[in-house]
Amino acid sequence: MEMQCHPLGLDPGRLSGLSERLIRSHHTNNYGAAVKRLNAIRRQLSDLDWAAAPAFVINGLKREELIAANSASLHELYFDALGGDGVLPPCGLEIGLQRDFGSVQRWRSEFCALAKAMGGGSGWAALSWSWREARLLNHWAADHSQWLAGATPLLVLDMYEHAYHLDFGAQAAAYVEAFMPNLDWPKVQLRYRAAVTADSADLGLAPAAAPTSGRRLIDVRHRDDFAAGQDMAEAATWHDPARLAEWSPSLDPAQPLLLYCVKGMDICRSAALALRLRGLDARFVSGGIDAWRGAGLPLQAKPEGPHHAPR
């Protein structure tokens, strides 16, 4: 079955600072060409006599297949992330960027600097979730065939000249600055959630199992959700998930941990993965505090005063 081009899922005429001509040319002539090349290569591979083919033919075709397949997939991620207002709302990805980079602005500075450093060359700047390191990482790829092992790409910025020369000529830095305000962050958040959910699938505990688990309860709701709430699970302590590196060293490595957020999604899941990488036995409450309440489990009033946990 041949691969088909995904249509543009946005109105390129509504982007700010990126022309419709540039986006349509990029989609048709570069992404479209990668899909056509991939299909042509795979037709050759399907007709190949593998037992008789010279090694250089096999190597060459499989290398070109990898390049074309990655080019097609990365271009799909690239276009899918466009069409928004560039504003990252409060969400698990926001917490992840703060936890892993120190702040969202620090992440942005690093990501943009990486992309600008590739100007005049070729390749991709990428934000990926690394299941191996249980964290978000920015990384460089000078070729479609170069990718970070053990990582799922969430956001990619095409730094091949075809992505910007029609609008910006050689001014790669101006292209990077024009790209960022057009990001559709909710779509990137969905990819982050899917990656974290897949990696943490075996770590959830049903609320009914939580009280008898013998685990220390930690509330890792987003600071805004915690501030807006009236209660928390009985015997739980709130810790800011964005500051995990600060409070995690104080935890007893011999005591199992049970984390919860609002719905049991990416905030508590990614925190549990990060704590496990630090040698702690951490799991999370499936369904979060909403499921905890729904099961009729004990609650306590939220402490008065500043909403931060002791270090």
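Both faces of strand β1 are covered in this predicted model. On one side, Trp 124, Ala 126, Ser 128 and Ser 130 are buried. On the other side, Ala 125, Leu 127 and Trp 129 are buried as well. The strand spans residues 124–130, and seven of its seven residues are buried.

Strand β1 has two partners in its sheet. The sheet is open, holds three strands, and follows the order β2-β1-β3. Its pairing is antiparallel. Strands β2 and β3 stand at the edges. Each has a single partner strand, so one side of each is left without a neighbour in the sheet. Neighbouring strands are turned by 25° against each other on average, with direction ignored.

Helices pack on this sheet too. Helix α2 touches β1 and β3, and its direction makes about 70° with that of β3. Helix α7, residues 185–199, touches β1, β2 and β3. The direction of α7 makes about 160° with that of β3.

The pairing can be followed strand by strand. Strand β2 covers residues 135–141 and is joined to β1 by seven antiparallel bridges. Within this pair, Ser 128 has Leu 137 of β2 as its bridge partner. The two strands form a hairpin, with four residues between them. In the turn, Ala 134 has a positive phi of about 50°. Strand β3 covers residues 151–158. It runs antiparallel to β1, and seven bridges join the two. Trp 129 has Thr 152 of β3 as its bridge partner. Ala 126 stands opposite Val 156, also in β3.

Helix α2 spans residues 55–80 and includes Ser 71. Is Ser 71 buried or exposed? Its relative accessible area is 2%. The cut-off for a buried residue is under 20%, so Ser 71 counts as buried. Leaving aside residues up to four places away in sequence, Ser 71 touches Ala 34, Arg 37 and His 144.

Nonpolar side chains come next. In soluble globular proteins, such side chains tend to be buried together. Here, the largest nonpolar core has 76 residues. Leu 155, Leu 157 and Tyr 175 touch the most other members of this core. Helix α10, residues 266–277, gives the most to the core, with seven residues. Another core, of 14 residues, lies apart from the largest one. Among its members are Leu 205, Phe 226, Met 232 and Ile 289.

Leu 155 has contacts in several parts of the chain, again leaving aside residues up to four places away in sequence. It touches Ala 125, Ala 126 and Leu 127, which are residues of β1. Other contacts of Leu 155 include Ala 81, Trp 107, Phe 111 and Phe 179. Leu 183, Trp 185 and Val 188 are also among the residues it touches.

A further open sheet has five strands, in the order β4-β9-β8-β5-β7. The pairing in this sheet is parallel. Strands β4 (204–205) and β7 (237–238) stand at its edges. Each of these has a single partner strand, so one side of each lacks a neighbour in the sheet.

Strand β8 covers residues 257–260, and strand β9 covers residues 282–285. Three bridges pair them in the parallel sense. Leu 258 stands opposite Arg 283 in β9. Helix α10 lies across both β8 and β9. It runs at about 170° to β9.

Definitions and conventions:
Residues are numbered from 1 along each chain as its sequence is written. This is a predicted model: local features need pLDDT of at least 70, side-chain atom pairs count only at pLDDT 80 or more; totals for chains, interfaces and linings use all residues. Side-chain values use heavy atoms; hydrogens and water are left out. Buried means under 20% relative accessible area, exposed over 50%, partly exposed in between (1.4 Å probe, protein chains only). Two strands pair if DSSP finds at least two bridges between them. Contact means heavy atoms within 4.5 Å. A nonpolar core is a set of buried Ala, Val, Leu, Ile, Met, Phe, Trp, Tyr and Cys residues joined through side-chain atoms within 4.5 Å. Axes are lines fitted to C-alpha atoms, for helices over the stretch in contact, and angles run from 0 to 180 degrees between N-to-C directions.
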